[in-house]
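Open the model in your viewer and keep the selection panel at hand. The stops below say what to select and what is found there.

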Amino acid sequence: STFKRLIRRNARLDAAALAVGSRLNADVQSLEQAESNAHQASSILQTAEGAFDATADILTRLKSLSVQAGSGTLSDADRVSLNVEFKELAAEIDRIAASTRINEQPLDKTLALDFKVGTDGTDDTISIALDPPTTASLGVAGLSIGTQAGADAASADISAAIDQVVNRRALIGATQNRLSFAGDNLAVAAE
C-alpha cells in the first residue's frame, strides 16, 4: 500500500519517521482486527439467535397444544394423541440446543463469551452469558398434557418459558447492537 511504501522510503531519510509510521501501522492493523472481531462476534450471536428463534416457535406450538388439551371438549384419548406431539416437540428443543455450536461448544449449557473489540485492556471486551434454551433450563422438562389438569399446569409453565426465551433473545439482540456500534466506531478509528 501507499502507506507502507511511504514508511520504507522515509526510513532511509528519517529514522524517527520510520518509528512513528511503524507504530501507526500497528495501531491501524490492530483496530482493523478488533473490527473484524466485532463482526465475527455478531455472527456467532446470530447462530445463537437462530436456536432461540426455533425454540420460541416450538414453545408457541407447545402452548397451543396445552390450551387445546385443557379443553373439556376433548376425550382422554384425544389428549394422549396431543401429548405425543407435545413430547416430540419438547425433545426437539433439547436437540436444537445440543446441536447448535458456539465456538465448538453446544448451546445446551451456559456459555460465557468474551469478545475483544478494541486494542487496549479489559475495557475493550464485550461479554455475554448465554443461558441454554433447553427444556430443563426453561422449566418445561417432563411436562405432560395427557390430562386436563396436566395441560393446565403445562400452559402456565410454558408461558413462563416463553418469557425467558424473549428475555434471552433481547439480551442477544442488545449485544449484537453493541457489537455493531463498536465495529462501526473501530472502522472510523482505523481510517
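Start at Glu 104, which is exposed, with a relative accessible area of 75%. This is a predicted model. Glu 104 sits in the loop between E1 and E2. Check its backbone: phi is positive, about 65°, although Glu 104 is not a glycine. For context, most residues other than glycine have a negative phi.

Step back one residue to Asn 103. Asn 103 belongs to the loop between strand E1 (101–102) and strand E2 (105–106). Its phi is near 50°, again a positive value in a residue other than glycine. At 48% relative accessibility Asn 103 counts as partly exposed, because exposed means over 50%.

**The whole chain**

Zoom out and colour by secondary structure. The protein has five helices and four strands, and along the sequence they follow the pattern α-α-α-β-β-β-β-α-α. Of the 191 residues in the protein, 37% are buried. Switch on the surface: the accessible area of the protein comes to about 10400 Å², and 52% of that belongs to carbon and sulfur atoms. Among contacts with a separation of 6 or more, residues 24 or more positions apart account for 68%.

**Strands E3 and E4**

Select residues 111–116, which form strand E3, and show the side chains. Which residues of E3 point to one face and are buried? They are Leu 111, Leu 113 and Phe 115. Ala 112, Asp 114 and Lys 116 point to the other face and are not buried.

Add residues 125–130, strand E4. E3 and E4 run antiparallel and are joined by six bridges. To find one facing pair, select Leu 113 in E3 and look across to Ile 128 in E4, which stands opposite Leu 113.

**Salt bridges**

How many salt bridges does the structure hold? There are five. The next selections cover some of them.

Select Arg 169 and Asp 53, and display the distance between their closest N and O atoms: 3.1 Å in this salt bridge. The pair links distant parts of the chain, with Arg 169 in helix H5 and Asp 53 in helix H2 (residues 15–69), 116 residues apart. Arg 169 is partly exposed at 26% relative accessibility, and Asp 53 is partly exposed at 33%. Now add Glu 49 to the selection. Glu 49, Asp 53 and Arg 169 are linked in a network of salt bridges.

Move to helix H3 (residues 76–99) and select Asp 76 and Arg 79. They form a salt bridge whose closest N and O atoms are 3.4 Å apart. Because Asp 76 and Arg 79 are three residues apart in H3, about one helical turn separates them. Is each partner buried or exposed? Asp 76 is exposed, with a relative accessible area of 55%, whereas Arg 79 counts as buried at 3% relative accessibility.

Stay in helix H3 and select Glu 92 and Arg 95, which are three residues apart, about one turn of the helix. In this salt bridge the closest N and O atoms are 2.7 Å apart. Arg 95 is partly exposed, with a relative accessible area of 45%, and Glu 92 is partly exposed at 26%.

**Two buried positions in helix H5**

Select residues 148–190 for helix H5, then pick out Ser 155 within H5. Ser 155 counts as buried because its relative accessibility is 12%, and the cut-off for buried is under 20%. Display the residues around Ser 155: leaving aside neighbours within four places in sequence, Ser 155 is in contact with Lys 63, Ser 66 and Val 67.

Finish at Ala 190, also placed in helix H5. Ala 190 is buried, with a relative accessible area of 12%. Which residues does Ala 190 touch, not counting those up to four places away in sequence? The contacts are Val 28, Leu 31 and Glu 32. For a last distance, select the C-alpha atoms of Ala 190 and Asp 27: they are 7.9 Å apart in space, while the two residues are 163 residues apart in sequence.

How values were computed: Residues are numbered from 1 along each chain as its sequence is written. This is a predicted model: local features need pLDDT of at least 70, side-chain atom pairs count only at pLDDT 80 or more; totals for chains, interfaces and linings use all residues. Side-chain values use heavy atoms; hydrogens and water are left out. Buried means under 20% relative accessible area, exposed over 50%, partly exposed in between (1.4 Å probe, protein chains only). Contact means heavy atoms within 4.5 Å. Two strands pair if DSSP finds at least two bridges between them. A salt bridge is a side-chain nitrogen of Lys or Arg within 4 Å of a carboxyl oxygen of Asp or Glu. Accessible areas come from the Shrake-Rupley method with a 1.4 Å probe; for residues, only the protein chains shown count as cover.
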